[in-house]
Amino acid sequence: MKEVMVRIRSTQVSQEAGEDTMEFVTEAKLYKKNGALYLLYEESEFSGMPGCKTRLRLRDGEVQMKRFGEGAGIGNELKFEKGKRYSGIYDTPFGPIGIELLTNDVASTVSEDGKGQVDIDYEVSLKGLLEGRNKMNITLM
């Protein structure tokens, strides 16, 4: 397991709220298991999910994001694969809600030596609450 620093930048664009960008830097752990690279980091108060951990599984043009711990809720697992739709249930502070993702693009250049980045561009629909486009960039420093 390798200790790394990551910069996480997330931009959300919706017709209702316009464009909102959030960025923070945190420590993370990088490790390899069963042919995939994993990146594990703690969310912050700034991200709105204090006490929550996020794990990214990076493998063959696919990124799987799973959140767990306090504030993560149930069923908080998202999958990003270019051109594919993902539907599921996402637990929020207001209760579970249906979520649908369409991944426009996903790329990872992260290597075992702790360098690289992950870029995800996707459309998101939270049934009845929000529709928009999100771009996430995670850079290992």
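Strands S1 and S10 (residues 130-140) run antiparallel and are joined by eight bridges. In this predicted model, S1 (residues 2-14) also pairs in antiparallel fashion with S2 (residues 18-33), through 13 bridges. The structure holds 13 salt bridges, and a search of the whole structure finds two aromatic pairs.

**Strand pairing around S1**

- On the S10 side, Val6 has Leu140 as its bridge partner.
- On the S2 side, Ile8 has Phe24 as its bridge partner.
- The connection from S1 to S2 is a hairpin of three residues.

**Salt bridges between S1 and S2**

- Lys29 and Glu3 form a salt bridge through their side chains, at 3.2 Å from N to O.
- This pair links distant parts of the chain, with Lys29 in strand S2 and Glu3 in strand S1, 26 residues apart.
- Lys29 is partly exposed at 32% relative accessible area, while Glu3 is exposed at 52%.
- A salt bridge also joins Glu23 and Arg7, whose closest N and O atoms are 3.7 Å apart.
- Here too the pair links distant parts of the chain: Glu23 belongs to strand S2 and Arg7 to strand S1, with their positions 16 residues apart in the numbering.
- Both residues are partly exposed, Glu23 at 35% relative accessibility and Arg7 at 26%.
- Glu23 and Arg7 belong, with Arg9, to a network of salt bridges.

**A salt bridge between the S6-S7 loop and S8**

- Lys82 pairs with Asp105 in a salt bridge, the closest N and O atoms being 3.9 Å apart.
- Lys82 lies in the loop between S6 and strand S7 (85-92) and Asp105 in strand S8 (residues 95-108), so the salt bridge ties together parts 23 residues apart in sequence.
- Lys82 counts as exposed, at 54% relative accessibility, whereas Asp105 is partly exposed at 36%.

**Aromatic pairs**

- The search of the whole structure gives two aromatic pairs.
- In one of them, the ring centres of Tyr31 and Tyr38 are 5.1 Å apart and the planes meet at 5 degrees, so the pair is stacked.
- Tyr31 is partly exposed at 22% relative accessibility, and Tyr38 is buried at 10%.
- Phe80 and Tyr122 have ring centres 4.8 Å apart and planes at 55 degrees, so this pair is tilted.
- Because Phe80 lies in strand S6 (residues 77-81) and Tyr122 in strand S9, the tilted pair ties together parts that are 42 residues apart in sequence.
- Phe80 is buried at 0% relative accessibility, and Tyr122 is buried at 9%.

**A buried threonine in S4**

- Thr54 is part of strand S4 (residues 52-59) and counts as buried, with 0% relative accessibility.
- The side chains of Thr54 and Glu43 are joined by a polar contact of 2.6 Å.

**Exposed nonpolar residues**

- Met5, Val25 and Met141 make a nonpolar surface patch of about 270 Å².
- Met141 sits in the segment after S10 and is exposed, with a relative accessible area of 52%.
- Leu129 lies in the loop between strand S9 (116-126) and S10, and counts as exposed at 60% relative accessibility.
- The C-alpha atoms of Leu129 and Ile97 are separated by 9.0 Å, the two residues being 32 residues apart along the chain.

Terms used:
Residues numbered from 1 in each chain as written. Predicted model: local features only at pLDDT ≥ 70, side-chain atom pairs only at ≥ 80, totals over all residues. Heavy atoms only, no water. Pairing = 2+ DSSP bridges. Helix = DSSP H or I, 4+ residues; strand = E, 2+ residues; numbered from the N terminus. Buried < 20%, exposed > 50% of the residue type's maximum accessible area, 1.4 Å probe, protein only. Patch = residues over 30% accessible without salt bridge, like charges linked within 9 Å, V, L, I, M, F, W, Y side chains within 5 Å. Areas by Shrake-Rupley, 256 points an atom, 1.4 Å probe, with all protein chains shown as cover. Salt bridge = Lys/Arg side-chain N within 4 Å of Asp/Glu carboxyl O. Phe/Tyr/Trp six-rings, centres within 6.5 Å; stacked < 30°, edge-to-face > 60°. Polar contact = N/O pair within 3.5 Å; in protein donor to acceptor, adjacent residues only side chain to side chain.
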